[in-house]
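Visitor: Could you take me through the enclosed spaces, the cysteines and the charged pairs of this model, with the reasoning behind each reply?

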Amino acid sequence: MKEIRKTARDLMTGYCRVCPVCNGKACAGEVPGMGGLGTGTAFMANVQALADCTFNMRLVHDITEPDTSTSLLGLKLSMPVMAAPIGGVSFNMGGKRSEEEYITAIIDGCRQAGIIGCTGDGVPPFIHEAGFAAITAAGGHGIPFIKPWEDAELYDKLAKARDTGASVVGMDIDAAGLITLRKMGRPVSPKPVATLREIIARAGLKFIVKGVMTVEDARLAAEAGADAIVVSNHGGRVLDHTPGTAKVLPGIAKEMKGKIAIIADGGIRSGGDVLKMLALGADAVMLGRPFSIAAMGGLTEGVTAYAQTLRTELMQAMVMTGTRAVTQMPANILWNGFRA
């Protein structure tokens, strides 16, 4: 990973510093780019919220080979990890890899690692086109995410998403205020329950709503027929001064666990962070920037190598906290923490 990160740093000069600790401080306000919006506080809050969550170390047990495998939305995963939907290599990452190279690395690298990659959407159209093509080439092994466009563009892209062979589709409703899209004059908007219900019904696939930060929105997503939510503030890139996702996740999980699949993202950097989110109530997690760096620095092999690193770290954290399986989270692995 050291060489992969070095290559990524060279290729992403001026867009991402590939800092030793990816916490949003050096890149605050760099949108487009890989930073957080405005002061960067929302990005930093994601990382800090996980740092504030600490483990109880428990070693009087017989667990040596913990089980990291799980199933989510009909997908079998080697661990509860997905690569988050990120696009726009040219204006967010420097453009020294093509959109096709980047997203193919995400989709194929995740598939080889036994997990699943998500594809992004945006302007210009080759962002979603490259994503759809990569999923199609992978036999449908990927999750296409579509932004909350107005009707014609939205339903056209939903139809194309179905044609990829994917069994799950998502919408990142948190992109409704994305600054890069506003600058391009494209019509994206929040979605009321009735509209969201119609979108989900017409999608004809299992549906993920990404961008849920309150219990109320989680309830409304479930009411609209969503199969899963992603607790996410869009990596701190759409609204300054939001709380870290690890802070709001327990309350959402307490209300919604078992009623809808709960995915969490934001500030996750290691296998230990994955375990923290699971302990706080998530069924699975998404990672964005770390997978982007891995793809830029090493293409498919970089993504696979990072996934392997994550799984090793996750297994180590599970052994050290007495966690036998990711589907059977103990109630006491977090110190002074909350288990949803």
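Visitor: How many cavities of 30 Å³ or more are there, and how much space lies in the largest cavity?
Guide: The model is a predicted one, and the count of cavities of 30 Å³ or more comes to two. The second largest cavity holds about 120 Å³ of space, whereas the space in the largest cavity is about 500 Å³.

Visitor: Which residues lie nearest the centre of the largest cavity?
Guide: The elements that give two or more residues to the lining of the largest cavity are α2 (41-51), α3 (89-92), α7 (179-183), β11 (284-287) and α12 (289-321). By class, that lining has 15 nonpolar, 13 polar and eight charged residues. Of the 36 residues that line the largest cavity, those nearest its centre are Pro85, Ile86, His234, Gly235 and Arg237.

Visitor: By class, how many nonpolar residues are in the lining of the second largest cavity?
Guide: The lining of the second largest cavity includes Cys16, Cys19, Cys22 and Cys27, together with residues such as Phe43, Arg289 and Ile293. Cysteine counts as nonpolar in this classification. Beside two polar and two charged residues, the number of nonpolar residues in this lining is eight.

Visitor: Why is Cys19 not in a disulfide, and how far is its sulfur from the closest cysteine sulfur?
Guide: A disulfide is counted when two cysteine sulfur atoms lie within 2.5 Å, and the structure holds zero disulfides. Cys19 is partly exposed, with a relative accessible area of 25%, while Cys27 is buried at 13%. The closest cysteine sulfur to that of Cys19 is in Cys27, which is too far for a bond because the distance is 6.5 Å.

Visitor: Where do Arg202 and Glu198 lie?
Guide: Arg202 and Glu198 form a salt bridge whose closest N and O atoms are 3.5 Å apart. Arg202 is partly exposed at 45% relative accessible area, and Glu198 is partly exposed at 41%. The two residues are four apart, about one turn of the helix, and both lie in α8 (residues 193-203).

Visitor: How many residues apart in sequence are the parts tied together by Arg219 and Glu255?
Guide: The side chains of Arg219 and Glu255 meet in a salt bridge at 3.3 Å, N to O. Because Arg219 lies in helix α9 (residues 215-223) and Glu255 in helix α10 (residues 245-256), the pair ties together parts whose separation in sequence is 36 residues.

Visitor: Which side chain meets Glu255 in a salt bridge of 3.9 Å, N to O?
Guide: Glu255 counts as partly exposed, at 28% relative accessibility. The partner counts as exposed, at 57%. The side chain that meets Glu255 at 3.9 Å is that of Lys259.

How values were computed
Residues numbered from 1 in each chain as written. Predicted model: local features only at pLDDT ≥ 70, side-chain atom pairs only at ≥ 80, totals over all residues. Heavy atoms only, no water. 1 Å grid on protein atoms, 1.4 Å probe; cavity = no way out; pocket = protein on both sides within 12 Å on 5 of 7 lines; lining within 4 Å. Points joined across faces, edges and corners; volume = space filled by probe spheres on them. Buried < 20%, exposed > 50% of the residue type's maximum accessible area, 1.4 Å probe, protein only. Salt bridge = Lys/Arg side-chain N within 4 Å of Asp/Glu carboxyl O.
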